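Colleague: Please take one part of this chain and go through it closely. I would like to know what is covered, what packs against what, and where to be cautious.

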Amino acid sequence: MANPKKRSSKQVPVSDGQIIVRRLFELFGKAFIAMVLVGIISGSIVAAVMAVYVFKSLDGTVDIDLHDLDMKYTTILYGTDKSTGEEYELKRLQSSENRIWVDFEDMPDHLWQATIAAEDKRFMEHQGVDWKRTTAAFINQYIVKILPGTQGGSTITQQVIKNVTGEKEISAARKINEIFSALKLEKQFSKEEILESYLNTIPFGGTTHGVQAAANRYFDKDVSELTVPEAACIITITNAPSYYNPFGEKGAIHNKERRNYIYTQMLDLGYITQEEYEEYYDSDVEVARKNTLEGETAMLTWFEDYVIDEVISDLKSELNITGAQAWDMVYNKGLRIYTTYDPLVQKNLDNSYKNSNTFPPVINSEYPESAVVVLNAEDGSIAGLIGGNEKNGDRLFNRATAAQRHPGSTMKPISPYLQAFEMDMITWSTMFMNDPIMVDGEPWPVNFYSADDGKKISVVYALQRSINRVPAQLMEVIGPEQAFNFLDKKLAFHSLVSPEDNYQHNDMNLSPMTLGGMTVGVTPLEMAGAYRIFATGGKFVKPYSYTLVTDADDNVLLEKDTKSVRVISEETATIINKLLQAAAMQAPGTGTAANLGFMPTAGKTGTSSDDYDQWFIGMTPYYVTAVWMGYDEPSQILYYNYPPPILWKNLMTPIHQNLEPKEFAECEEVEAMEYCVVSGDLATYNCPETATGWYKESFAPSNCTVHMRGGSSMRDYDDNDGEFEGGVRTRRSSSNDD
Ligand SMILES: [Zn+2]
């Protein structure tokens, strides 16, 4: 009998089930194993990567207080009330982001409903993170592109974190960080608060941020007035402001398509009815292109402009950051800036500049520009600024702090005279022949008033009349190097050109150091700071517009050193102050038009070549004020009466009107004495004509020897008790008499 071929007896009997498995295995075997392995490996990688990043990120979660979110971003300038010492809010800086906060209850419901429909349908249910979307997005981004076209997994909560922290970089670490921050945020704040923050921080293209600014910009209406299609339109824009820009033809089409999607989702979520859905679907919105925000911006004063400049400059140097970073801090990081703002000064300046009577007449048809710096005499802080005749924008060119112009004769008190008095080269009444010196074989300089050329004149007269030749003779002896180093190192003049900078054309020369013919120039701010030494008995501090800058959490970022330090002797400062009073209050001073009358006034005029720059730098016991006039494109100013001292008086009168009159502080080692106007030495009874001068006790002239008793010009007095009419008789002069 023929046995059918049997399987080998060694074969293991198999069941039907085993056969099926085996066949399945044969069918799918390799592919199946591969899939399982891929799954396990992918899962492990996901888990490992996530674990590493979670571990790394846990400490980096962001703590955000949504309640003061708007405050966190807005930088605030403060002033101090002088009478109470209390700080008050001066100005909130318009952020570089055009953002106007609107509270949740002031938004229409369909606005946040459209937001949820468009961005995060499960927002009301999840705890800050939509795990389904997150996992899909994570695998898609970091493991393998298995789900082409999958969108990012960010919920509204996560987007709030993103908008608040400003983190734009997409990395796994950042993502994990964001997830944990979002979970934390949801525990601390309600859904309404999170929606409010979201809607106030989302970008809308350009500098527009938040739904209120967007409602203004795109529909010229308040956010509360938005219709459902308008709300959907705005929520669409934030996804890709240029792609969905309703102002553009293509953008309008894209925007409408996206709106239709939002209506569908809103219907699905029960936010709108079927009837409403049909009404809105494919409907148009009417956009109004009008930037209503520009006009609403409260303009900064010249002072506030400068505070920002100074803070940015100091942040750069102190924190060693770039200008762009410093700028971003000031505009977007909610700094607290404690300024030196003086409302009495700045408000009066601003008012005066609105009044055409403030400006003295000139002959030119176009009125010259002008700039003003007012410093508090006491502490050197900036009390007020004017950077130009008109202010029609923010952060304009500020002539008060940035225009570098030739100071002309205003250089004399801080350079040749200061040095000569400090070195005891001269006294109030030292006599000089009004003759030129020789420079390169040529006589130099010429005098503006030639009537006194070749005559013997005193120091006080030379300063009052702004004679050029006397300070030139002084500077020839002092040497420009000494004057230069003093201005550069002690008075913080920023733009002096040294021989190292430029050997051919530098300021270490007779002309710039004597008559202010600088290579570049000086600013009104620098001049005011320098002149203040004559109001403080010789102490200087670089003028400052703020004392303290903190971040929004009161951490100190910048603190000014506001201490004035001695740069010249009290005696020299007092005597030059008295000389400047003579120039501003007594004939033949060139600055007498500035004399306030009810308050001691001291100051000096200055004019650069061809009348391009005209100055008066003056002071009272309260304020030191530099006034500059000139054209931006230098051109001659033609006038009837020299304008700067008149402008100075017109500006200072209202500021000083209600201040208690007081005297400048005087040094006790400086004394008023009578001098002989012929010899310049201390007067005796025999001197025919005398005047009062101010002298260092340590360095006063000897008695006049020109008018000896018994001489032809002997002067008769009733008695020998040492009293002069109209003058101060001193022990020194009387003791040697008779
Ligand atoms: Zn005399």
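Modeller: A residue counts as buried if 20 or more other C-beta atoms lie within 10 Å of its own. The model is a predicted one, and by that cut-off helix H20 (residues 469–478) is mostly covered, with 8 of its 10 residues buried. The buried set consists of Arg469, Val470, Pro471, Ala472, Gln473, Leu474, Met475 and Ile478. After H20 comes Gly479, which has a positive phi near 90°. For the chain as a whole, 42% of the 738 residues are buried.

The part I will follow closely is the sheet that holds strand E18. Five strands make up this open sheet, ordered E7-E6-E18-E17-E16 and paired in the antiparallel sense. Its edges are strand E7 (382–386) and strand E16 (602–607), each of which pairs on one side only. From one strand to its neighbour the turn averages 10°, direction ignored. At the E7 end, strand E6 (residues 369–376) pairs antiparallel with E7 over 4 bridges, and Leu375 has Ile382 in E7 as its bridge partner.

Two helices pack on this sheet. Helix H23 (residues 524–531) touches E6, strand E17 (613–619) and E18, and its direction makes about 145° with that of E18. Helix H24 touches E16 and E17, and its direction makes about 70° with that of E16.

Within the sheet, Gly630 is worth a separate look. Gly630 belongs to strand E18, which covers residues 623–630. It counts as buried because 24 C-beta neighbours lie inside 10 Å. Pro368 is 262 residues away along the chain, yet its C-alpha atom is 5.2 Å from that of Gly630. Beyond four places in sequence, the contacts of Gly630 are Pro368, Glu369, Arg405, Tyr612, Asp613, Gln614 and Ile637. Contacts between distant positions are a feature of the whole chain too: among contacts with a separation of 6 or more, 68% join residues 24 or more positions apart.

Next comes the nonpolar packing. Nonpolar side chains in soluble globular proteins tend to be buried together. The largest nonpolar core here has 116 residues, and Val372, Val373 and Tyr531 touch the most other members. H24 (residues 570–585) contributes the most, with 8 residues. Domain 3 (409–522) and domain 4 (668–738) both supply residues to this core, so the core lies between them. Leaving out residues up to four places away in sequence, Tyr531 touches Ile414, Ile617, Met619, Val624 and Ala626. A second core, separate from this one, has 48 residues, among them Val102, Ile116, Val164 and Ile194.

For contrast, here is another sheet of the chain. This open sheet also has 5 strands, in the order E2-E1-E5-E13-E14, and its pairing is mixed. Strand E2 (87–92) and E14 are at the edges with a single partner strand each, so one side of each has no neighbour in the sheet. Here the twist averages 20° from one strand to the next. Strand E5 (residues 336–339) pairs antiparallel with E13 over 4 bridges, with Arg336 bridged to Thr550 in E13. Helix H13 (residues 302–319) packs on this sheet, touching strand E1 (76–80), E2, E5, E13 and E14, and its direction makes about 105° with that of E14.

The E14 edge ends in a hairpin. Strand E13 (residues 546–550) and strand E14 (residues 556–559) pair antiparallel over 3 bridges, and Val549 has Leu558 in E14 as its bridge partner. There are 5 residues between the two strands, and in this hairpin Asp554 takes a positive phi near 70°.

Lastly, the confidence. The chain averages a pLDDT of 85, and 82% of the residues score at least 70. For residues 1–12 pLDDT stays under 50, and the model has 0 contacts for them beyond four places in sequence. Residues 146–151 also stay under 50, but for these the model has 7 contacts beyond four places in sequence.

Key
Residues numbered from 1 in each chain as written. Predicted model: local features only at pLDDT ≥ 70, side-chain atom pairs only at ≥ 80, totals over all residues. Core = buried A, V, L, I, M, F, W, Y, C linked by C-beta atoms within 7 Å. Buried ≥ 20, exposed ≤ 12 C-beta atoms within 10 Å, placed from the backbone. Domains from an automatic or database assignment. pLDDT = per-residue confidence, 0-100. Pairing = 2+ DSSP bridges. Axes fitted to C-alpha atoms, helices over the stretch in contact; angles between N-to-C directions.
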